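Dear colleague,

Please find the structure below, handed over for your consideration. My findings follow directly after it.

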Amino acid sequence: MHQDADNKAPEKGIITKKRGRLMATIASVAIAGAIGLGAVTSGTAPVMAEAVRLDQPVQAPSFADIVEKVSPAVVSVRVKADVKMTSNPGGSGFFDMPGFEELPDGHPLKRFFREFRGDRGFEQDRRSERRRPRPVSQGSGFFISEDGYLVTNNHVVDGGSNFTVVMDDGTEIDAKLVGTDPRTDLAVLKVDEERKFTYVDFADDEKVRVGDWVVAVGNPFGLGGTVTAGIVSARGRDIGAGPYDDFIQIDAAVNRGNSGGPAFNLTGEVVGINTAIFSPSGGNVGIAFAIPASVAKEVVGDLIKDGTVERGWLGVQIQPVSKDIAESVGLDEEKGALVADAQEGEPAAKAGIRSGDIIIAVEDKPVASPKELARLIAGFAPGNEVDVTLWRNGETENVTVTLSEMPGVETMASARGGSQSSTMDAQFGLKVTPAEDGDGLVVTDVEPGSPADDRGIRPGDIIRTVNSQAVKSGKDVEEAVSAAVKAGRKAVLVQIERDDASRFVALPTGEG
């Protein structure tokens, strides 16, 4: 024991001495560092840098004033549908299974079925037949007029028969459905009460910029009035929801139940209506989409006036203009909407628009894409005459189209062809044969890795035109290609039909 004590004593002294030297070294470094950072002149009295002080603290803007102003106009929307509840002793319902009633009350299976059904009054229900409302969905909405008109999403009210509006103070009021527009996912409800409601106005969303603050108010997960904030992340988003996609993307926390709720700017105006989220989990990941105020204002006005929305209709199938397609027709940039098919008997065909035309303007408003053309045409009422500018055969042409009303279900022109075997056009990697109807060439084989294969052409496709010239034989194709080469074109525009739908692809001529 003594030996051990003697051995430990020197170690303790060494540790103490080392610790002392270490602390002295640290103190020296700290002092040197302070002098080296703070001194600006040499001498006995170094001048130290002054601490930065602000008269007012720098912080993110408060949204409290906006929230206080707009919250009374934002509501929760509860939707119910009538469901027929039937049951009888001899019925075949799930809960009328033979022997169910004979199970002991404490039996796990009987308890399971009752709990799964969600109703303890099983015996009484079996003796009755009635309709009762059940919850279908709940979302958000907001008043746009003092007399009780409010806006929400179509998918919130879809399938509902009973609608309840829950005010920010908890008051519940029955509402009726005025009208819906599934294509833009908008709906209007009306509350009939003898009082004036706090309401909000739509903003001019053309002034909304990426990076602007937005405040979302709604009813996420049925929790009630909830406020979140973020910025505009992007404009003009196309998420495949419909033909008029032009969403504002925001990063404010928007979740299920926020649908139909408003996104405000910092002056308390509605810049968009929250309608969709991108989320693998179903919760917020910072990507939400809002219907722009300009779209909502127009649609909501029509719904209040007529209960429905009427849109102009051209009657064409359209596709984007790619770089190759623009080159093949002599356009100097990728713009417009390429007419893949002008349906017979519809307004466009009656006005002389045909497959291969590129619509580049409507009423002198440039058309950048098929989506923009759809939105422009939809902005006119059926029966209106509109001036349409086309790009055809390397020149612009103007036609006047009298729009009709958009049908409920779009129809497409159909064409069918046969499939025989012959060879043609090794330049594109295709084998074709004349169509049975004598109009076009049927693709019988596509060489892997060929220009045709790269552009998605496959056996069974029907080639109708090449550079707007009808083709019925390989010779017709060769003549169209030769004409394009002489004109200095690097590609030819080929019209393909597949599954009763028409589209265009640009195939290289091999020149340039």
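On the surface of this predicted model, Asp201, Asp204, Glu206 and Glu269 come together in a patch of negative charge. One of these residues, Asp204, sits in the loop that runs between strand 6 (186-190) and strand 7 (213-218). Asp204 has a relative accessibility of 41% and therefore counts as partly exposed, since that class lies between the limits of 20% and 50%.

Turning to the interior, the largest nonpolar core comprises 28 residues. Within this core, Phe142, Phe202 and Ile273 have the most contacts. At least two residues each are supplied by helix 2 (64-70), strand 3 (149-152), strand 6, strand 7, strand 11 (270-277), strand 12 (288-292) and helix 6 (293-306). Of these elements, helix 6 gives the most, contributing five residues to the core. There is also a second, separate core of 20 residues, and Leu430, Ile463, Ala480 and Val494 are among them.

As to charged pairs, side chains of opposite charge can pair when their charged atoms come close. The count of salt bridges comes to 13, and three of particular interest to this summary are described here.

The side chains of Lys190 and Asp192 form a salt bridge, with an N to O distance of 2.9 Å. Lys190 is buried because its relative accessible area, 10%, falls under the 20% limit. Asp192, by contrast, is exposed, because its relative accessibility of 51% is over 50%.

Asp324 and Arg455 also meet through their side chains in a salt bridge, at 3.7 Å from N to O. This pair links distant parts of the chain, as the two residues are 131 residues apart. Asp324 belongs to helix 7 (residues 323-329), while Arg455 is found in the loop between helix 10 (451-454) and strand 23 (462-466). Both partners count as partly exposed: the relative accessibility is 36% for Asp324 and 27% for Arg455.

In a further salt bridge, Glu333 pairs with Lys335, and their closest N and O atoms are 3.7 Å apart. Glu333 is partly exposed at 43% relative accessibility, and Lys335 is partly exposed with a relative accessible area of 25%. Finally, Lys176, Lys190 and Asp192 are joined into one network by salt bridges that share partners.

With kind regards

Key: Residues are numbered from 1 along each chain as its sequence is written. This is a predicted model: local features need pLDDT of at least 70, side-chain atom pairs count only at pLDDT 80 or more; totals for chains, interfaces and linings use all residues. Side-chain values use heavy atoms; hydrogens and water are left out. Patches are made of residues with over 30% relative accessible area and no salt bridge: like charges are joined within 9 Å, nonpolar side chains (Val, Leu, Ile, Met, Phe, Trp, Tyr) within 5 Å. Accessible areas come from the Shrake-Rupley method with a 1.4 Å probe; for residues, only the protein chains shown count as cover. A salt bridge is a side-chain nitrogen of Lys or Arg within 4 Å of a carboxyl oxygen of Asp or Glu. Lys and Arg count as positive and Asp and Glu as negative; His and the chain ends are not counted. The place of a charge is taken as NZ of Lys, CZ of Arg, CG of Asp or CD of Glu. Helices (H or I, at least four residues) and strands (E, at least two) are DSSP runs, numbered from the N terminus. Buried means under 20% relative accessible area, exposed over 50%, partly exposed in between (1.4 Å probe, protein chains only). A nonpolar core is a set of buried Ala, Val, Leu, Ile, Met, Phe, Trp, Tyr and Cys residues joined through side-chain atoms within 4.5 Å.
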